[in-house]
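This report walks through a protein model for someone meeting it for the first time. Please keep the sequence and the three-dimensional view at hand while reading.

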Amino acid sequence: MSDGSRKSGTKSTFHFVAGLGSGVLSAILLQPIDLLKTRVQQSGKHSLRAALAELRSSPKGLLPSLWRGTLPSALRTGFGSAIYFTTLNTIRENAARHLPSLAAATVNQTSSSLPKLSNTGNLLAGAVARSFAGFILMPLTVLKVRYESSFYKYTSLAGAARDIARTEGARGFFAGFGATAIRDAPYAGLYVLFYEQSKRYLSDLFPQEGRMTQSRAASINFASGVFSAVICSIVSNPFDAVKTRIQLQPRKYRNMVQASRKMLGEEGVRSMMDGLALRMSRKAMSSALAWTVYEELIRRAEGAWKKGGPEEVRL
């Protein structure tokens, strides 16, 4: 294997590990918000107070109940982030190298050490990478949502998988994929677009002489992540609400079109915004945290690679 191929493979592995670490961390810390969002979206009650009251009455108590489903959530978010960031970086590197129309023009100093693309390039790269990761991790997504719901009393991942396979077949593991893809592709594409633009804007708004410090870069990345996640969560929430219903009640909500009509007909437009505040809070924190940690790890690795090669990487 040539040195170039070995270095490329090492970089891809590090992107995978960095994405995995940032995803697992955000999933564990923010699991209570994700669980509450699922509980609010699972029926037409639209009430966070009712969801909290139900958790308080649980035999395990409020705090342990808030972290129910942490394992499938950490697996799904961790490996989802790993696959997403690795795929995204591969797409961006190849697009910047082989597709001049998608490469960014020369830019001033920014907080990012990642490949630079045009607005269209960022939009397409984010959408394709998220759709690919979403399809691969769809079975874990279904398991995660059902674990968080009060409709199912699963006690293990293996038991949940066996129940889905027995009652719904292989199709059950991909319930709601259409709504998920329509939610995730625009979300991720717009997120990468807004995230990169926000970083450039903040870097230009608060210029700094010399090389940008790590703390300054992390602050810009975190603020850009929060802003981008809030905007994209509002746009994509209806698809998230529909997706949750399909995954929890596949016999009642058979597909995206039928589910949307049923929700709008029985509960009105408000049903499409169920869990928006919780999802916005969770996405803002998880995306900002995941991207900040990921970019910081990559920044340190890139510095080590420039000095002495992949073997010099220290976190």
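## Rings, helices and single residues

The charged end of Arg-130 is placed over the ring of Tyr-84, at 4.0 Å from the centre of that ring. This detail, like everything that follows, belongs to a predicted model. A comparable arrangement involves Lys-283, which lies over the face of Tyr-187 at 4.8 Å from the ring centre. Both of these tyrosines, Tyr-84 and Tyr-187, belong to a cluster that ring pairs build up, and the other members of that cluster are Phe-85, Tyr-191, Tyr-195, Trp-291 and Tyr-294.

### The protein as a whole

The protein holds eleven helices and zero strands, and read along the sequence it follows the pattern α-α-α-α-α-α-α-α-α-α-α. Of its 315 residues, 50% count as buried. When contacts between residues at least 6 apart in sequence are considered, 78% of them join residues at least 24 apart.

### Aromatic pairs

How many aromatic pairs does a search of the whole structure find? The search finds 13. One of them is formed by Phe-16 and Phe-79, a tilted pair whose centres are 6.4 Å apart and whose planes stand at 55° to each other. Phe-16 lies in helix α1 (residues 3-41) and Phe-79 in helix α4 (residues 70-98), so this pair ties together parts of the protein that are 63 residues apart in sequence. Phe-16 counts as partly exposed, because its relative accessibility is 30%, and Phe-79 is likewise partly exposed, with a relative accessible area of 35%.

Tyr-187 and Tyr-191 form another aromatic pair, which is stacked, with 6.0 Å from centre to centre and 15° between the planes. Both residues lie in helix α8 (residues 177-205), where they are four residues apart, about one turn of the helix. Tyr-187 is buried, with a relative accessible area of 8%, and Tyr-191 also counts as buried, at 2% relative accessibility.

### How helices pack

Helix α4, which carries Phe-79, packs against α8 at an angle of about 60°, with the two axes 14 Å apart. That angle makes α4 oblique to α8, and α4 passes α8 in a right-handed crossing. On the side of α4 the contact is made by Arg-76, Tyr-84, Leu-88 and Arg-92, while α8 contributes Arg-183, Asp-184, Ala-188, Val-192 and Glu-196. Tyr-84 therefore takes part in this helix contact as well as in the ring cluster described above.

What is the angle at which helix α9 (residues 214-248) and helix α10 (residues 256-267) pack? The angle is about 105°, and the axes of the two helices are 10 Å apart, which makes α9 roughly perpendicular to α10. In this packing Phe-239, Ala-241, Val-242, Arg-245 and Ile-246 of α9 meet Met-256, Ala-259, Ser-260, Met-263 and Glu-267 of α10.

### Three single residues

Glu-302 has its place in helix α11 (residues 276-308). Is this residue, Glu-302, buried or exposed? Glu-302 counts as buried, because its relative accessibility is 18% and the cut-off for buried is under 20%. Although Glu-302 and Lys-11 are 291 residues apart in sequence, their C-alpha atoms are 8.9 Å apart in space.

Leu-62 is placed in helix α3 (residues 62-66), and with a relative accessible area of 27% it is partly exposed. From Leu-62 to Leu-52 there are ten residues in sequence and 7.8 Å in space, taken from C-alpha to C-alpha. Leaving aside its neighbours within four places in sequence, Leu-62 is in contact with Leu-52, Leu-55 and Arg-56.

Ser-118 counts as buried, at 17% relative accessibility. With its neighbours within four places in sequence again left aside, Ser-118 is in contact with Ser-101, Leu-102, Ala-103 and Ala-104.

### Accessibility side by side

The table gathers the relative accessibility of several residues discussed above.

| Residue | Relative accessibility | Class |
|---|---|---|
| Phe-16 | 30% | partly exposed |
| Phe-79 | 35% | partly exposed |
| Tyr-187 | 8% | buried |
| Tyr-191 | 2% | buried |
| Leu-62 | 27% | partly exposed |
| Ser-118 | 17% | buried |
| Glu-302 | 18% | buried |

Conventions:
Residues are numbered from 1 along each chain as its sequence is written. This is a predicted model: local features need pLDDT of at least 70, side-chain atom pairs count only at pLDDT 80 or more; totals for chains, interfaces and linings use all residues. Side-chain values use heavy atoms; hydrogens and water are left out. Buried means under 20% relative accessible area, exposed over 50%, partly exposed in between (1.4 Å probe, protein chains only). Rings of Phe, Tyr and Trp (its six-membered ring) pair if their centres lie within 6.5 Å; planes under 30 degrees apart count as stacked, over 60 as edge-to-face and the rest as tilted. A charge sits over a ring if NZ of Lys or CZ of Arg is within 6 Å of the ring centre and within 35 degrees of the ring normal. Axes are lines fitted to C-alpha atoms, for helices over the stretch in contact, and angles run from 0 to 180 degrees between N-to-C directions. Angles under 35 degrees count as roughly parallel, over 145 as roughly antiparallel, 65 to 115 as roughly perpendicular and the rest as oblique. A crossing is left-handed if the near helix is turned anticlockwise from the far one by less than a right angle, and right-handed if clockwise. Contact means heavy atoms within 4.5 Å.
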